[in-house]
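Hi,

Here is the structure I promised to send over. Have a look at it first, and then read on for what turned up when I went through it.

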Amino acid sequence: MAERIGVYPGTFDPITLGHLDIIRRGAKLVDRLIIGVTTNPSKNPMFTPDERMESVRREVADQGIDNVEVVGFNALLMKFARAQGASMIVRGLRAVADFEYEYQMAGMNQQLDAEIETVFLMADVGLQPIASKLVKEIALFGGDISGFVTPTICQEVIARVDRIGRLGDY
C-alpha cells in the first residue's frame, strides 16, 4: 500500500496553539504530514521564512509528533503538493468565514488536481478564535499572548516586538 502523505500549508507567522492542534490531529490521518511553510508578503510577516520553519520544527518536535516534516515553499499549493507526493491537503477551520474562503479554494484546487483531496479539520472549540494575525497585533500593542502560543513562541514574539517597537499610546 502506498504511503499516505498530507500537506498542511500556511505561513505560521507565528505558529499558534491552533496550528499545533491541527498538526497533531492531521498527523493521525496520514503516514507523513508535510508542513508547508509558505511566503505571503500581504500578511506582513514578523519572522523570516527560515525563522518560521525552525519554529515549526521545534514546536512539532516538542509535541512528540514524529511523522511530520517541515518544508518551505513559494509556489502554487497544488504544484507543491504534487511534488511532495501528497494525496491530501489538510486545512483548519475556525469559523463560517474560514469555510467560505476554504470552500472556494478547495474547489479551485480540485480543478487543478482532482487526485488531491482537501480535508477540513475543525479547530478545537477553545482554540477557534486564535489567528496568527491577531496574536501579532495583540503583541504589538503590548497585550498578553501567552494563552495563544507556546511559552517559547511567546518569548520569541515578545523579543521581536521589543526589537521592532511596540504600537499604541499606553
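Let me start in the middle of this predicted model, with strand β4. Of its 6 residues, 5 are buried, so β4 is largely enclosed by the rest of the structure. On one side β4 is joined to strand β1 (residues 5-10); the two run parallel and share 2 bridges. If you want to find that pairing on screen, look for valine 7, which stands opposite isoleucine 89 of β4, or for glycine 6, whose bridge partner in β4 is methionine 88. Then there is β5, also parallel to β4 and joined to it by 6 bridges. Valine 90 facing valine 119 in β5 is a handy place to see this.

One residue in β4 may catch your eye: arginine 91. Is it buried or exposed? With a relative accessible area of 19%, arginine 91 falls under the 20% cut-off and so counts as buried. Leaving out residues up to four places away in sequence, arginine 91 touches Pro9, Glu102, Thr118, Val119, Phe120 and Leu121.

Moving on to β1, that strand is mostly covered, with 6 of its 6 residues buried. Both of its faces are involved: Ile5, Val7 and Pro9 lie on one side, Gly6, Tyr8 and Gly10 on the other, and all are buried. β1 also runs parallel to β2, with 6 bridges between them; glycine 10 stands opposite valine 37 there.

Put together, the sheet is an open one of 5 strands with parallel pairing, in the order β3-β2-β1-β4-β5. Its edges are β3 (68-73) and β5 (117-122), each of which pairs on one side only. On average, neighbouring strands are turned by 30° against each other, ignoring direction. Helix α1 (residues 17-27) packs on this sheet and touches β1, β2 (32-38), β3, β4 and β5, with its direction at about 125° to that of β5.

Between β1 and α1 there is a loop, and aspartate 13 sits in it. This is another charged side chain to check: at 3% relative accessibility, aspartate 13 counts as buried. A polar atom of its side chain lies 2.7 Å from the backbone nitrogen of methionine 46. Apart from neighbours within four places in sequence, aspartate 13 is in contact with Asn44, Pro45, Met46, Phe47, Arg52, Ser132 and Lys136.

Arg52 from that list brings us to helix α2, where it is one of the buried residues, along with Met53, Ser55, Val56, Glu59 and Val60. These cover an arc of only 160° around the axis, which puts them on the same side of α2. As a reminder, an α-helix has 3.6 residues a turn, so residues three or four places apart point the same way. On the face of α2 turned away from the buried side you will find the exposed residues Asp50, Ala61 and Asp62. The cover over the buried residues includes α1, β2, β3 and α6. As for length, α2 has 15 residues and spans 21 Å from first C-alpha to last, close to the 21 Å expected at 1.5 Å a residue. After α2 comes glycine 64, with a positive phi near 75°.

Helix α6 (residues 151-164) can be read in a similar way. Its 14 residues reach 20 Å between the first and last C-alpha, close to the 20 Å expected at 1.5 Å a residue. Its buried residues are Ile153, Cys154, Val157, Arg160 and Val161. Those cover an arc of only 130° around the axis, which places them on the same side of α6. Pro151, Gln155 and Arg163 are exposed on the face turned away from that side. Among what covers the buried residues of α6 are α2 (49-63) and α5 (132-140). Just after α6, glycine 165 takes a positive phi of about 105°.

Last, a residue on the outside: lysine 79, in helix α3 (residues 77-84). With a relative accessible area of 53%, lysine 79 is exposed. Its C-alpha is separated by 10.0 Å from that of asparagine 109, which is 30 residues away along the chain.

Cheers

Terms used. Residues numbered from 1 in each chain as written. Predicted model: local features only at pLDDT ≥ 70, side-chain atom pairs only at ≥ 80, totals over all residues. Heavy atoms only, no water. Pairing = 2+ DSSP bridges. Helix = DSSP H or I, 4+ residues; strand = E, 2+ residues; numbered from the N terminus. Axes fitted to C-alpha atoms, helices over the stretch in contact; angles between N-to-C directions. Contact = heavy atoms within 4.5 Å. Expected span 1.5 Å × (residues − 1). Buried < 20%, exposed > 50% of the residue type's maximum accessible area, 1.4 Å probe, protein only. Arc of directions from axis to C-beta. Polar contact = N/O pair within 3.5 Å; in protein donor to acceptor, adjacent residues only side chain to side chain.
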